[in-house]
Amino acid sequence: MCLIVKRNRMCTHRIPVDHRKLNVILPALSPVEKRPSFARNLQRVAAPGRTNMVDPCSFCSFTGCVTKHLNLLLRVDFNRHVISGRVALTVEALEDRFSTLTLDTKDLKIVSVSANGQPARFSLGQKHSFKGTPLDITLPFDLSRGQHVIVEVNYETSPSASALQWLRPEQTAGKKQPYLFSQCQAHHCRSMVPCQDSPSIKHSYYAQVSVPKDLVAVMSAVRDGHEVDPQDSSRIIYRFRQPVAMPSYLIAIVVGALESREIGPRSRVWSEKEFVDKAAFEFSETETMLKTAEDLAGPYVWGQYDILVLPPSFPYGGMENPCLTFATPTLLAGDKSLSNVIAHEISHSWTGNLVTNKTWEHFWLNEGHTVYLERMIGRSMESEQFRQFKAMGGWKDLQDSVNTFGANNPLTNLVPSLQDVDPDDAFSSVPYEKGFALLYHLEELMGGPEVFMGFVKSYIQLFAYSSVTTEQWKNYLFTYFKDKVDVLNKVDWNAWMFTPGMPPVKPQYDTTLADACIALSQKWIKAKDQDLSGFKESDVKTLSSHQLIEFLSLLLHEDALPLTHVKKMQELYDLNACMNAEIRFRWLRLCVRSKWEEAVPLALKMATEQGRMKFTRPLFKEVFNLDKFRNEAVKVFLEHRAAMHPVTSGLVSKDLKVDSSSTASQ
């Protein structure tokens, strides 16, 4: 029998399949898993024994060679908005007579290439829409399996490099100095460094970064001192070392007028001076979270755990760069209610950074486990009821993503195919919340949180410092719970992993903390105009920030409220004055959806004064969906596009149907 595996639009490859070996790929195949459709899915995404597995988001082949270490020399040029660089890659051959390798690049100017000091021939291939351009290098000699070579590439980035955002002084808090930050996840490191830009390959790195003397550089590594640049006394060279092997998407750099404050024995918070003291207050519980995570998952191996608060245009809530978590300034709400974002990024120190998805098709291994660990930290620091409450909110976020993509969209699979798919386009809460839902379902089947956390900790210990597939994870799940294989065999794995839409099982979460939110939201939903006098300012006084977020989320999952209702809500609760970004975001969406025209400029202001995609994209879409303000949404976006992060502006362009290369609406 043969399985047909689609490789691209032009051809198919037949892979011979021995049915006897299918029972090796999966422990104790259930009846569901013996279906041909499930077998085809396994062949596509896993097959750990296959040597020709490829990363659909990378040009590099990780079967011929693997990068073991990077040594970076970078010069940051704020006048030209480029980084001039030299990278020395220590590459190990995985096969005999090895003489050619391919690196990922995107919009890089390649100046020269050498191997062990000898000039090496190189050529750039055809440019791909989102993967960039392959850099093919021919070594001047052959290597035997196990031998190393140092490949040195001199290069320069493009001013439009997708990993980098250059901010003018007026775009910063201080208004006096420029600022640079990187965001390499998922596949943007190649626009900053020529490399094997796949999460399947892990390496250590050292770096020296030359910057203007009035600025400070930090990286996702341990700081290793600084000195005056011997070639230019107006510049300083900062040194960094990252001895723990990590994937390229975790390389990160920030240059700006930065200050820091100590917030724990192994932690500092970094930001512009305008935010630094507020950030130190907001993140003062970092060490407690770190210790809680260590109790759950094992020792923290990265040494330093610093947090850097970025300028508002940073597109994500946080980014788990080792030694230096990036955080959005929208977390600085002043009430410590958004610390779950830091708990999430801390958790990535184990699930994501230490154990990594082998390709972006297995992204749920990073994010599902991280959400699970984040909520276990919340359970330890707050209560089990708090964990259940956060899980309920996550389920609604998953419903939102499924509704946005469409219930039949294959990108809502837990394990999607990313052949010819830009990973940025696939980004959603699906790998986070569908992944968590699967883990929570397994927790219930296997015996509760303590029992299942034992598996998660063991999984981390077994696969530490490596990259894994869903199949490797699943094989170990069956091995760890070998006495409960009969229960695991009853799980509909095909429905969970390879079927679009909501999960096949809806968990029954404890609603204790949600009951007040549900009751108040239902009261508003059912109220007639004559009932509005029954609402009081005190309705929300006893609700925590988390509960107020849940209250508004529940309303957003219903039909739009009458305009009279949201006006009354503002009169009583004064939500326009709330600066908590999670609350304000939901409130403004609710107002726009109810066609309160006064809320439109407030929504567009929030969409543009910060760049967190979780907020910016839905706010723009809500306004765009109002026929009367559709042109206004496009106009405001075009006015602010240049100040947005490249990933954000690209996705908002698609949301608003704006040609990304022009200033006109399609």
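**Reading helix α10 and its chain**

Guide: Start inside one helix of this predicted model. In α10, the buried residues are Pro449, Phe452, Met453, Phe455, Val456, Ser458, Tyr459, Ile460 and Phe463.

Visitor: Why do residues three or four places apart in an α-helix point the same way?

Guide: An α-helix has 3.6 residues a turn, so residues at that spacing share a direction. Now read the case here: Phe452, Val456 and Ile460 are among the buried residues of α10.

Visitor: What span should helix α10 have, and what do its end C-alpha atoms give?

Guide: Use the rise of 1.5 Å a residue. Helix α10 covers residues 449-463, 15 residues, so it should span 21 Å. Its end C-alpha atoms are 21 Å apart, which agrees.

Visitor: Which residue with a positive phi follows α10?

Guide: Tyr465 does; its phi is near 70°.

Visitor: Now the whole chain. How many helices and strands does it have?

Guide: The protein chain has 21 helices and 24 strands. Its radius of gyration is 25 Å, and the globule rule gives 26 Å for 666 residues, so the chain is as compact as a globular protein of that length. Its C-alpha atoms fill a box of roughly 85 × 70 × 55 Å along the principal axes.

Visitor: What share of the residues is buried?

Guide: Buried residues make up 60% of the 666. Look at contacts too. Of those with a separation of 6 or more, 70% join residues 24 or more positions apart.

Visitor: And the surface and charges?

Guide: The chain exposes about 26500 Å², with 49% of it from carbon and sulfur atoms. There are 75 positive and 74 negative charges, and their mean positions lie 4 Å apart.

Terms used. Residues are numbered from 1 along each chain as its sequence is written. This is a predicted model: local features need pLDDT of at least 70, side-chain atom pairs count only at pLDDT 80 or more; totals for chains, interfaces and linings use all residues. Side-chain values use heavy atoms; hydrogens and water are left out. Helices (H or I, at least four residues) and strands (E, at least two) are DSSP runs, numbered from the N terminus. The radius of gyration is taken over C-alpha atoms; the globule rule is 2.2 Å times the number of residues to the power 0.38. Buried means under 20% relative accessible area, exposed over 50%, partly exposed in between (1.4 Å probe, protein chains only). Contact means heavy atoms within 4.5 Å. Accessible areas come from the Shrake-Rupley method with a 1.4 Å probe; for residues, only the protein chains shown count as cover. Lys and Arg count as positive and Asp and Glu as negative; His and the chain ends are not counted. The place of a charge is taken as NZ of Lys, CZ of Arg, CG of Asp or CD of Glu. The expected span of a helix is 1.5 Å times one less than its number of residues.
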